[in-house]
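Visitor: I should like to learn how to read a protein model, feature by feature. May we begin with the whole and then turn to its parts?

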2 protein chains.
Amino acid sequence: MRQVVLRRRPIGLVAIEDVEVVTSELPELADGEALVRTDLVGIDAAARTWLDDQPGYLPPVQIGETVRAATVGQIVATRCDAYEVGDVVTTLGGFAEYSVSHDDLFTTVIGRVADGTADIDREALLAVFGSTGATAYFGMHDIGRPQPGETVVVSAAAGATGSIAGQLAKAAGARVVGIAGSAEKCAVVVDEFGFDACIDYRTDDLRAALREHCPDRVDVYFDNVGGPILDAVLGRLAMHARVVLCGVISSYVSGEHPGPSNYVKLLAMRASMQGFNTLDNWDRYDEANAELRRLYDRGQLRFRSHVFEGLDLSVDALNALFEGTNIGKTFLRP
Amino acid sequence: MRQVVLRRRPIGLVAIEDVEVVTSELPELADGEALVRTDLVGIDAAARTWLDDQPGYLPPVQIGETVRAATVGQIVATRCDAYEVGDVVTTLGGFAEYSVSHDDLFTTVIGRVADGTADIDREALLAVFGSTGATAYFGMHDIGRPQPGETVVVSAAAGATGSIAGQLAKAAGARVVGIAGSAEKCAVVVDEFGFDACIDYRTDDLRAALREHCPDRVDVYFDNVGGPILDAVLGRLAMHARVVLCGVISSYVSGEHPGPSNYVKLLAMRASMQGFNTLDNWDRYDEANAELRRLYDRGQLRFRSHVFEGLDLSVDALNALFEGTNIGKTFLRP
């Protein structure tokens, strides 16, 4: 089997020399283990943060270990009662053709051959029903709480999480304005994801555009980026606004977090800014997936995929999020 | 009657030339008005902000108008059914020997001659039961929500609001650490206000002191100052911490709000930062005052006064908060 292992901790973007594609024997299964064939690797910002030597909600990937990432795959051998051969699972299989799963909260059975549910759209699984969709759901449902007629702004709106978050707010009856980094992305955000408007922060005057597209100010801001964009939206908050801190993609690579001086608007506007982590809500994934499924089946949740083919493109896939080159959910097929 | 009127909008600290003490006739009362003799003017940061030409929860003081401030006084003449001669009231009488009150939410009857409640400690009224105490109560009760055993940090701990906020947290069973700007202030914070510890931010290494005095990190931070102190405490937050944004005294005068780069800790710690305004809770003043009264009568709420004598010292009184020269609640006796 082929897999990508960490050779050196990246500084900023991942360099070719930081990882290596190695070939090894398939692992022998111990009791309680199952072998998963990886069908699709989902790339998100967490995968990059796991390469840093920083404590987080999961330990850092160690030098020599497989680069960790969320995956969807199929059980091909099992010595674990929780899984049958043929089960389709989401797991943290990483950048590898195969991985070993246990009966733990990181592996979830999504479909079974026996009941005909194994023939599932792998991309939708990771783009809508995996931790990406759950993140959008928990942030918007628990913290943002958009009401009909309110104005919701979402940054990185063409991205995997932002696009779902905005569609959830739209389904809740809010007016939804995206922020994205190109005219092409903005077109997708409006035409495919159904946002009411989208601001191109690279070419538009962000503050002027926020005034134009949010005449009643901003009730909910779902922030994926931090930095100057967060600062600009804080300056446009409405009374009792809620800011959902979902990520700081602007600083994952640079390591710098310029503080938003407009945080003082939280005071004037009696507003709140709150961080959250999807893993805290693991026991509520069924709730999240039920709502995501309901909207998806009614055509109210759409997604876009960008698939890198082959483990040799792992570095490109990992960097794509931070280079802002892709639209929608980024995948790699090993 | 003598009163202090605004002649020019101050930039930064108030200058002698910005205001003028003028003498005028006592006003003729119209129907629905009552004349209040000012016994004591309470100075808080809001009084300074009202001199700026910025929209807020009250309109700016106009050039030529009396400098606005919370006061306690006694009704000396009335054509308003809500008030009797002799009533002790809190109102927004400003820097003046007399003012006119109406039957509105800015004037509250605290004591009456008829029932023997007019002989009230004026200083306690403004220091504990006025908007100062209510601000501490709403911020701590609604947003901070300290639990027994939690660690609470309060900045401007020797100040009017901070000292009450910390004592409320202490009464709730929390470990309370103050931050103040001199050894003398820190001594008062610990010895008189009963905080468990107090950090002198002018001489101590703030981050090291926070590590020392908050070994279990910070569950609640009641922020009166913003700026670098806010940033340092954000860096020491515990999981699910609550940051109460009560004021940004560090920037009222400078007009600058350096953003706290440690806002990203809100994300890692699933923490929240929330602004509030006491006036939003005007209909809950009875609730606040009942709790403040309960603790005050049990000796669990103490205050310190600093009284400026005479309207000629109005500029000194207004600047005292921002120069950090005084301890406790600042008053002026006209």
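The dialogue below goes from the overall model to single elements.

Visitor: What kind of model is this, and what scores does it carry?

Guide: This is a predicted model. Its scores are ipTM 0.85 and pTM 0.88. For chain A the average pLDDT is 93, and 98% of the residues score at least 70.

Visitor: How many helices and strands does chain A contain?

Guide: Chain A has 11 helices and 15 strands. Its C-alpha trace spans about 60 × 45 × 35 Å along the principal axes.

Visitor: Which radius of gyration would a compact globule of 334 residues have, and what does chain A have?

Guide: A compact globule with 334 residues would have a radius of gyration near 20 Å, and chain A agrees with this, having 20 Å. Burial can be read for the chain as well: 51% of the 334 residues of chain A count as buried. Contacts add a further view. Among those in chain A between residues at least 6 apart in sequence, 65% join residues at least 24 apart.

Visitor: Where may I see residues that are distant in sequence and yet in contact?

Guide: Consider G42(A), which is placed in strand 3 (residues 34-43) of chain A. Leaving aside neighbours within four places in sequence, G42(A) is in contact with A69(A), A70(A), T71(A), L126(A), G130(A), K329(A) and F331(A). One may also compare separations: G42(A) and G93(A) lie 51 residues apart in sequence, while their C-alpha atoms are 9.9 Å apart in space.

Visitor: Is G42(A) buried or exposed?

Guide: G42(A) is buried, because 26 other C-beta atoms lie within 10 Å, and the cut-off for a buried residue is 20 or more.

Visitor: How should one read the two sides of a helix?

Guide: The general idea comes from the turn. An α-helix has 3.6 residues a turn, so residues three or four places apart point the same way. Now take helix 5 (residues 183-191) of chain A, in which the buried residues are K185(A), C186(A), V188(A) and V189(A). Viewed down the axis of helix 5 of chain A, these buried residues fall within an arc of 160°, and they therefore line one face of the helix.

Visitor: Which exposed residues does the face of helix 5 of chain A turned away from its buried side carry?

Guide: That face of helix 5 of chain A carries the exposed residues E184(A) and D191(A). The buried residues of helix 5 of chain A, for their part, pack against strand 9 (175-180) and strand 10 (197-200) of chain A.

Visitor: What does helix 5 of chain B pack against?

Guide: In chain B, the buried residues of helix 5 pack against strand 9 (175-180) and strand 10 (197-200) of that chain. Those buried residues are K185(B), C186(B), V188(B) and V189(B).

Visitor: How many residues of helix 3 of chain B are buried?

Guide: In helix 3 (residues 131-144) of chain B, 12 of the 14 residues are buried, so this helix is largely enclosed by the rest of the structure. Among them are Y137(B), F138(B), M140(B) and I143(B). Following helix 3 of chain B comes R145(B), with a positive phi near 45°.

Visitor: How does one read a strand?

Guide: In a regular strand the side chains alternate between the two faces of the sheet. Strand 13 of chain B has both faces covered: S272(B) and Q274(B) are buried on one side, M273(B) and G275(B) on the other. Within chain B, strand 12 (residues 237-245) runs parallel to strand 13 and is joined to it by 4 bridges. In this pairing V243(B) stands opposite M273(B).

Visitor: Where do the two chains meet?

Guide: The contact takes 24 residues from chain B and 24 residues from chain A. On the side of chain B that touches chain A, helix 9 (265-268) and strand 13 (272-275) of chain B are the elements that give two or more residues. Strand 13 of chain B gives the most, with 4 residues. By type, the residues on that side of chain B divide into 13 nonpolar, 8 polar and 3 charged.

Visitor: Which way do strand 13 of chain A and strand 13 of chain B run, parallel or antiparallel?

Guide: They run antiparallel, and 3 bridges join strand 13 (residues 272-275) of chain A to strand 13 of chain B. There, Q274(A) stands opposite S272(B).

How values were computed. Residues are numbered from 1 along each chain as its sequence is written. Chains are lettered from A and ligands numbered from 1 in the order in which they are written. This is a predicted model: local features need pLDDT of at least 70, side-chain atom pairs count only at pLDDT 80 or more; totals for chains, interfaces and linings use all residues. The radius of gyration is taken over C-alpha atoms; the globule rule is 2.2 Å times the number of residues to the power 0.38. Two residues are in contact if their C-beta atoms, placed from the backbone, lie within 7 Å. Ala, Val, Leu, Ile, Met, Phe, Trp, Tyr, Cys and Pro count as nonpolar, Asp, Glu, Lys and Arg as charged, and the others, Gly among them, as polar. Two strands pair if DSSP finds at least two bridges between them. pLDDT is the predictor's confidence in each residue, from 0 to 100. The arc is that of the directions from the helix axis to the C-beta atoms.
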